[in-house]
Amino acid sequence: MTGIAAASFFSNSCRFGGCGLQFESLAELIVHIEDNHIDTDPRVLEKQEQQQPTYLALSYINRGQHRSTASKLLLL
């Protein structure tokens, strides 16, 4: 990975659908993505489960754990 690619990869910028919001920390970015870009509507989740996706976002699987960790990081 080149220096420019590494700097781009490690930025705290949201890239969902061209969102582009910047965050002070990775913890804040994670909370933003979970709250704004990951659907938690039970009907949508049920439809996704019926389709049996080949993968599942790690942030969806660990949503509660990330929120707990992100909250602790924000307090530091």
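1. Aspartate 41 has a relative accessibility of 23% and therefore counts as partly exposed, a class that lies between buried (under 20% relative accessible area) and exposed (over 50%), as computed with a 1.4 Å probe on protein chains only. Its partner in a salt bridge is arginine 43, with the closest N and O atoms 2.9 Å apart; arginine 43, at 64% relative accessibility, counts as exposed. A salt bridge is taken here as a side-chain nitrogen of Lys or Arg within 4 Å of a carboxyl oxygen of Asp or Glu, and a search of the whole structure finds 1.

2. The model is predicted, so that local features need pLDDT of at least 70 and side-chain atom pairs count only at pLDDT 80 or more, whereas totals for chains, interfaces and linings use all residues. Residues are numbered from 1 along each chain as its sequence is written, and side-chain values use heavy atoms, with hydrogens and water left out.

3. On confidence, the protein chain has a mean pLDDT of 76, and 59% of its residues reach 70 or more; pLDDT is the predictor's confidence in each residue, on a scale from 0 to 100. Confidence is lowest in helix α1 (residues 3-9), where the mean is 56, and highest in helix α2 (residues 26-36), where the mean is 91.

4. The protein chain holds 5 helices and 0 strands, and the order of its elements from the N terminus is α-α-α-α-α. These assignments are DSSP runs numbered from the N terminus, with helices (H or I) of at least four residues and strands (E) of at least two.

5. According to the unreviewed UniProt entry, residues 12-42 are annotated as "domain: C2H2-type"; such positions are given in the numbering used here, feature names are shortened, and annotations may be inferred rather than shown by experiment. In the model, residues 12-42 are 39% helix and 0% strand, and the C-alpha atoms at the two ends of the span lie 29 Å apart.

6. Of the 76 residues in the protein chain, 16% are buried, and the accessible surface comes to about 6,000 Å², of which 59% belongs to carbon and sulfur atoms. Accessible areas come from the Shrake-Rupley method with a 1.4 Å probe, and for residues only the protein chains shown count as cover. Among contacts in the protein chain with a separation of 6 or more, 28% join residues 24 or more positions apart, where contact means heavy atoms within 4.5 Å.

7. Serine 13, in the loop between α1 and α2, counts as buried because its relative accessibility is 15%. Its side chain makes a polar contact of 3.1 Å with the side chain of glutamine 22; a polar contact is a pair of N or O atoms within 3.5 Å, and within protein one must be able to donate a hydrogen and the other to accept it, while residues adjacent in sequence count only if both atoms are side-chain atoms. When its neighbours within four places in sequence are left aside, serine 13 is in contact with Gly20, Leu21, Gln22 and Leu29.

8. Alanine 27 belongs to helix α2 and, at 5% relative accessibility, counts as buried. Its C-alpha atom is separated by 9.0 Å from that of asparagine 12, the two residues being 15 residues apart along the chain.

9. Two further residues of the loop between α1 and α2 deserve a look, beginning with phenylalanine 10, which is exposed with a relative accessible area of 61%. The C-alpha atoms of phenylalanine 10 and leucine 26 are separated by 8.8 Å, although the residues are 16 apart along the chain. Glycine 17, also found in the loop between α1 and α2, is exposed with a relative accessible area of 86%, and its C-alpha atom is 8.9 Å from that of histidine 37, 20 residues apart in sequence.
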